[in-house]
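Visitor: Before we begin, I should like each label in this model to be justified by its value. May we proceed in that manner?

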Amino acid sequence: MAILDLPLADVRGSEVLAALGRVRVPAVAVSGVYRGPRAAEEVRRLGAFDFFEKPFLVDALVAAVARALGVSVPGLDQEAKDDVTGSRPLRPEELPEGIAAAPLPALE
């Protein structure tokens, strides 16, 4: 399994993806430079199993790697936690009554 951060410094990403494909090594590409659906389509056309734009959820990358390898990872079906704080968004039923009852401010 390979995770490529595109663009690469010394070689073309397309060459690396092609070489990995020839030896049947699945690859997932990530990039903070290449963006949008056209970039994702092109990277997949070149042989990447999946593509992520930065920033991305680590759990989503782990899930893509698991799919590429054909394995299951327990716990990935749970709601993703924040990478920094380890917290997760509260569900409405978990909010204290006063906060849940407060009206939302109107956005103008």
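Visitor: Why is Phe56 called partly exposed?

Guide: The model is a predicted one. Phe56 has a relative accessibility of 26%, and the partly exposed class lies between the limits of 20% and 50%; Phe56 therefore counts as partly exposed.

Visitor: Why does Phe52 count as buried or exposed, whichever applies?

Guide: The relative accessibility of Phe52 is 12%. Buried means under 20%, so Phe52 counts as buried.

Visitor: What makes Phe52 and Phe56 an aromatic pair, and which geometry does the pair have?

Guide: A search of the whole structure finds one aromatic pair. Phe52 and Phe56 form this pair, with 5.7 Å centre to centre and 45° between the planes. Ring centres must lie within 6.5 Å, and planes that are neither under 30 degrees nor over 60 degrees apart count as tilted; the pair of Phe52 and Phe56 is therefore tilted.

Visitor: Why is Ser31 called buried?

Guide: Ser31, in strand β2 (residues 27-31), has 0% relative accessibility. The limit for buried is under 20%, so Ser31 counts as buried. Ser31 touches residues including Asp5, Leu6, Pro7 and Phe52.

Visitor: What makes the approach of Ser31 to the backbone nitrogen of Tyr34 a polar contact?

Guide: A polar atom of the Ser31 side chain lies 2.8 Å from the backbone nitrogen of Tyr34. A polar contact requires a pair of N or O atoms within 3.5 Å, and the value of 2.8 Å therefore meets this distance limit. The side chain of Ser31 also has a polar atom 2.9 Å from the backbone nitrogen of Val33.

Visitor: Why does Asp50 count as buried?

Guide: Asp50 belongs to strand β3 (residues 50-53). Its relative accessibility is 11%, and buried means under 20%; Asp50 is therefore classed as buried.

Visitor: Which side chain makes a polar contact with the side chain of Asp50?

Guide: The partner is the side chain of Arg44, at 2.6 Å. Among the other residues that Asp50 touches are Ala27, Val28 and Arg67.

Visitor: How do you know that Ile3 can belong to a surface patch?

Guide: Ile3, in strand β1 (residues 2-6), has 46% relative accessibility and counts as partly exposed. Patch residues need over 30%, so Ile3 meets that accessibility limit. Ile3 is one of the residues of a nonpolar surface patch of about 540 Å², which also includes Met1, Val58 and Leu69. Helix α3 (residues 58-69) supplies the largest share of this patch, three residues.

How values were computed:
Residues are numbered from 1 along each chain as its sequence is written. This is a predicted model: local features need pLDDT of at least 70, side-chain atom pairs count only at pLDDT 80 or more; totals for chains, interfaces and linings use all residues. Side-chain values use heavy atoms; hydrogens and water are left out. Helices (H or I, at least four residues) and strands (E, at least two) are DSSP runs, numbered from the N terminus. Buried means under 20% relative accessible area, exposed over 50%, partly exposed in between (1.4 Å probe, protein chains only). A polar contact is a pair of N or O atoms within 3.5 Å; within protein, one must be able to donate a hydrogen and the other to accept it, and residues adjacent in sequence count only if both atoms are side-chain atoms. Contact means heavy atoms within 4.5 Å. Patches are made of residues with over 30% relative accessible area and no salt bridge: like charges are joined within 9 Å, nonpolar side chains (Val, Leu, Ile, Met, Phe, Trp, Tyr) within 5 Å. Accessible areas come from the Shrake-Rupley method with a 1.4 Å probe; for residues, only the protein chains shown count as cover. A salt bridge is a side-chain nitrogen of Lys or Arg within 4 Å of a carboxyl oxygen of Asp or Glu. Rings of Phe, Tyr and Trp (its six-membered ring) pair if their centres lie within 6.5 Å; planes under 30 degrees apart count as stacked, over 60 as edge-to-face and the rest as tilted. Lists of a residue's contacts leave out its neighbours within four places in sequence.
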